[in-house]
Amino acid sequence: MNSKPRSQYESERRRERRADHAVILLHGLCGSVLEMGSIPKALKAMNCTLVIMNIPNYSAALTDPLVTPNWMDWCAAVEHKVLRLKEEFKTVSLCGLSMGATLALAVASRHNELLSIVLLSPVLQYDGWSIPWYHRMMNIPYMLGYRNWSYKERDPYGIKNFVMRQRVANALKKEGVAEVGASAIPARHLWAAQKLMAYVRHSLSLVRAHTLVIHSIDDETASPKNAEMVLKNIHAEVRKAVWLGDCYHIITVDNEREIVTNETVQFLKRSIDFHGDDVARKDLASNSALKDRR
């Protein structure tokens, strides 16, 4: 009986490894999986198991504006899911957008079970060009006890593409949630997000998982300094950055969404192959230098 060609054998081995891999998707604060664009479909086609998390008092569908959330509860929910998945799958990765990327960093700093993390527009501080100068002063009324208010999303809604921006504006007005998340974020949730960002800024050195960062140089919510801080301080063996020049904060649905999806899928494929293939390990290591797309 003729044996299979080596290339076919290797291809089947890699597909099997991907079937033994789970990817947890983490949308932004008070958002939904709609924010992730075409990434979920692409990951399913890659033969991975996709896990979409709805976290109490983080996800839009489970948000109570009168409840003060604790960022550690958000982390605990993701950590619990990672541990459960590790019982069934050989490897687990996180893919987060905006505050979901920040949450992924927090989890990665607390646990070494993760194979890789994909950080899409990570936020370590709100310092983009559209953030009002009085933003930091908004903590004052909160600390004084005035907490029943919300920060309303406004133009450009994290999107540079004009047609998409109009569609999102209409959806937010009609449904209260769209590809950019919810129409408003409660003050209590913003307070918890500030605490989460502060923790992550001081724990980046604990991150060891393979890391891909994709960030826009025109991000109106979180400047490129956020991505640079991550890349400079994490201790991951593999670090890769992709810089985008034709979109704003919600890069998964903006002008360069195809690049975002393709880079995410290719990085995860190589990361999984890296885990069990010496040849792939050399290939990923040689391609781990920072990339610049402008």
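Let me start with a pair of helices: in this predicted model, helix 3 passes helix 4 in a right-handed crossing. Two packed helices are described by the angle between their axes and the distance between the axes. Here the axes of helix 3, which covers residues 71–86, and helix 4 come within 10 Å, and they cross at roughly 70°. That makes helix 3 roughly perpendicular to helix 4, because an angle from 65 to 115 degrees counts as roughly perpendicular.

Which residues meet where helix 3 and helix 4 are in contact? From helix 3 there are Trp71, Trp74, Cys75, Val78 and Glu79, and from helix 4 there are Leu103, Ala106, Val107 and Arg110. Sorted by class, this contact has seven nonpolar residues, two charged ones and no polar ones.

Helix 4, residues 99–110, comes up again when we turn to helix 8, since helix 4 is among the elements that cover the buried residues of helix 8. Helix 8 runs over residues 224–233, and within it Asn226, Ala227, Val230 and Leu231 are buried. Why do these four belong to the same side of helix 8? They cover an arc of only 130° around the axis, and that puts them on the same side. On the other side of helix 8, by contrast, Lys225 and Lys232 are exposed. Besides helix 4, the cover over the buried residues includes strand 4 at 116–120, strand 9 at 210–216 and strand 10 at 239–244.

I would like to finish with the backbone, and with three places in loops that you can look up in the structure above. As background, most residues other than glycine have a negative phi, and most peptide bonds are trans.

Just ahead of helix 4 we come to serine 98, in the loop between strand 3, residues 91–97, and helix 4. Serine 98 has a positive phi of about 60°, although it is not a glycine, and it is buried, with a relative accessible area of 13%.

Cysteine 30 is another residue other than glycine with a positive phi, in this case near 60°. Its place is in the loop between strand 1, residues 21–26, and helix 2, residues 39–45. Is cysteine 30 buried or exposed? Cysteine 30 is buried, with a relative accessible area of 1%.

The remaining place concerns a peptide bond, namely the one from aspartate 155 to proline 156, which is cis, with omega near 15°. Proline 156 lies in the loop between strand 5, residues 150–152, and helix 6, residues 162–175.

Note on methods. Residues numbered from 1 in each chain as written. Predicted model: local features only at pLDDT ≥ 70, side-chain atom pairs only at ≥ 80, totals over all residues. Heavy atoms only, no water. Buried < 20%, exposed > 50% of the residue type's maximum accessible area, 1.4 Å probe, protein only. Helix = DSSP H or I, 4+ residues; strand = E, 2+ residues; numbered from the N terminus. Arc of directions from axis to C-beta. Contact = heavy atoms within 4.5 Å. Axes fitted to C-alpha atoms, helices over the stretch in contact; angles between N-to-C directions. Parallel < 35°, antiparallel > 145°, perpendicular 65-115°, else oblique. Left-handed = near helix turned anticlockwise from the far one by under 90°. Nonpolar A, V, L, I, M, F, W, Y, C, P; charged D, E, K, R; others polar.
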